[in-house]
Every structure is written in C-alpha cells, then in structure tokens.
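Hi everyone, thanks for making room for me today. I'd like to walk you through one structure, from the whole chain down to a few single residues. Have a look at it first, and then we'll start with the surface.

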Amino acid sequence: VQLQASGGGLVQAGGSLRLSCVVSGRTFGRYVMGWFRQAPGKEREFVAAVSWSGATTDYADSVKGRFTISRDNARDTVHLQMNGLKPEDTAVYYCAVRTSAAVARTGYPYWGQGTQVTVSS
C-alpha cells in the first residue's frame with residue numbers, strides 16, 4: 001500500500017490550503033482515512049478522520065470549525081481543506097489508513113510520507 005500526500009506549502013495566517021492523499025496498491029476493502037501532524041519538537045497528533053462513506057468524521061478540538069476532511073472513493077483520495085490557518089498549525093501533515101470501518105484516532109498501520117505546512121504570522 002502506498003499513500004502519497006500533497007498540497008502543503010507556505011501560507012500567511014488566516015489563509016487556506018488543501019491537502020490531498022492518494023492511496024494505491026491496496027488489497028483491503030473499506031477503510032478509514034485520517035490526517036495527523038507533527039510539529040518540530042512535538043509528538044505526532046491526530047487531526048481528522050473520515051469513514052468510508054464520508055458520513056462520519058472526527059476532528060481534533062484545535063481544528064474543529066476550520067478544517068474539513070472529505071474523500072473521493074472512486075479515486076481513493078482524501079482531502080483536508082484547511083481554512084483560517086494559524087502559526088500553530090505549522091507541521092508536517094501525514095495521511096494514514098485504518099483498515100476498519102470504525103472511525104478512530106489510533107490504529108493506523110499505513111502512512112504517507114508527509115507534506116510540510118508552514119503558516120507565517
């Protein structure tokens with residue numbers, strides 16, 4: 001399984017970015033997609049997750065109301081629309097796959113390579 005994340009970059013505070021992640025080579029069926037991030041000197045943290053159907057989502061409190069996760073199953077792709085970005089959102093963002101129908105914040109065995117998001121003040 002390969003996950004390819006893209007869409008990171010440098011943006012000013014208050015700006016927006018849209019991250020994408022494409023899954024390829026999978027041999028399993030329905031799966032949950034998640035986004036995580038890791039800032040310098042900090043542990044990796046959960047950002048958002050979405051169920052196979054897209055009907056169930058979960059967001060970290062720090063991004064709720066600003067970020068939106070969505071998916072396109074025909075393209076095995078998940079997106080993270082990030083609005084109202086803040087300097088504290090600066091991190092490497094990772095997409096991940098959980099081979100289960102239940103949305104959760106742990107239990108992701110497959111990870112992408114990460115894409116850098118930098119928000120300037």
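The protein chain exposes about 6000 Å², and 46% of that comes from carbon and sulfur atoms. Please keep in mind as we go that this is a predicted model. Staying with side chains for a moment, the charged ones come to 13 positive and 8 negative in the protein chain. If you take the centre of each of those two sets, the centres lie 5 Å apart.

Now, the fold. What does the secondary structure of the protein chain come to? There are 0 helices and 11 strands, so to speak a β-β-β-β-β-β-β-β-β-β-β run from the N terminus on. The radius of gyration is 13 Å, close to the 14 Å that the globule rule gives for 121 residues, so the protein chain is as compact as a globular protein of that length. For those of you who like to picture a box, the C-alpha atoms fill one of roughly 40 × 25 × 25 Å along the principal axes.

What about the inside? Of the 121 residues in the protein chain, 45% are buried. And if we take contacts with a separation of 6 or more, 57% of them are between residues 24 or more positions apart.

Let's zoom in on the aromatics, which I enjoyed going through. How many aromatic pairs does a search of the whole structure find? It finds 7. One of them is F36 with F46, an edge-to-face pair with 5.6 Å from centre to centre and 75 degrees between the planes. F36 sits in strand 4, residues 32-38, while F46 sits in strand 5, residues 45-50, and the two are 10 residues apart, so this pair links distant parts of the chain. Buried or exposed, how does F36 count? F36 counts as buried, at 5% relative accessibility, and F46 counts as buried too, at 10%.

F36 has another partner, W111. That pair is tilted, with 4.8 Å from centre to centre and 55 degrees between the planes. Which parts of the chain does this pair tie together? F36 lies in strand 4 and W111 in strand 10, residues 110-111, so the pair ties together parts that are 75 residues apart in sequence. W111 itself is partly exposed, with a relative accessible area of 29%. Elsewhere among the aromatics, F28, Y31, W52 and Y110 form one cluster.

Next, a few loop residues. If you find D76, you'll see that this residue is in the loop between strand 7, residues 67-72, and strand 8, residues 77-82. Its phi is near 50 degrees, which is a positive value in a residue other than glycine. D76 counts as buried, with a relative accessibility of 17%.

Moving along, G114 is in the loop between strand 10 and strand 11, the latter being residues 115-120. G114 also counts as buried, at 16% relative accessibility. Which residues is G114 in contact with, leaving aside neighbours within four places in sequence? Those are V92, Y93 and Y94. From G114 to G29, on the other hand, the C-alpha distance is 24 Å, with their positions 85 residues apart in sequence.

P109 is in the loop between strand 9, residues 91-98, and strand 10. Beyond neighbours within four places in sequence, P109 is in contact with V97 and R98. P109 and A96 are 13 residues apart in sequence, and their C-alpha atoms are 7.5 Å apart.

My last stop is S24, in strand 3, residues 17-24. S24 counts as partly exposed, at 33% relative accessibility. Once neighbours within four places in sequence are set aside, the contacts of S24 are with V1 and Q2. S24 and T99 are 75 residues apart in sequence, with 14 Å between their C-alpha atoms.

That's my tour, and I'm happy to go back to any part of it. Thanks for listening!

Note on methods: Residues numbered from 1 in each chain as written. Predicted model: local features only at pLDDT ≥ 70, side-chain atom pairs only at ≥ 80, totals over all residues. Heavy atoms only, no water. Helix = DSSP H or I, 4+ residues; strand = E, 2+ residues; numbered from the N terminus. Rg over C-alpha atoms; globule rule 2.2 N^0.38 Å. Buried < 20%, exposed > 50% of the residue type's maximum accessible area, 1.4 Å probe, protein only. Contact = heavy atoms within 4.5 Å. Areas by Shrake-Rupley, 256 points an atom, 1.4 Å probe, with all protein chains shown as cover. Lys, Arg positive; Asp, Glu negative; His and termini not counted. Charge placed at Lys NZ, Arg CZ, Asp CG, Glu CD. Phe/Tyr/Trp six-rings, centres within 6.5 Å; stacked < 30°, edge-to-face > 60°.
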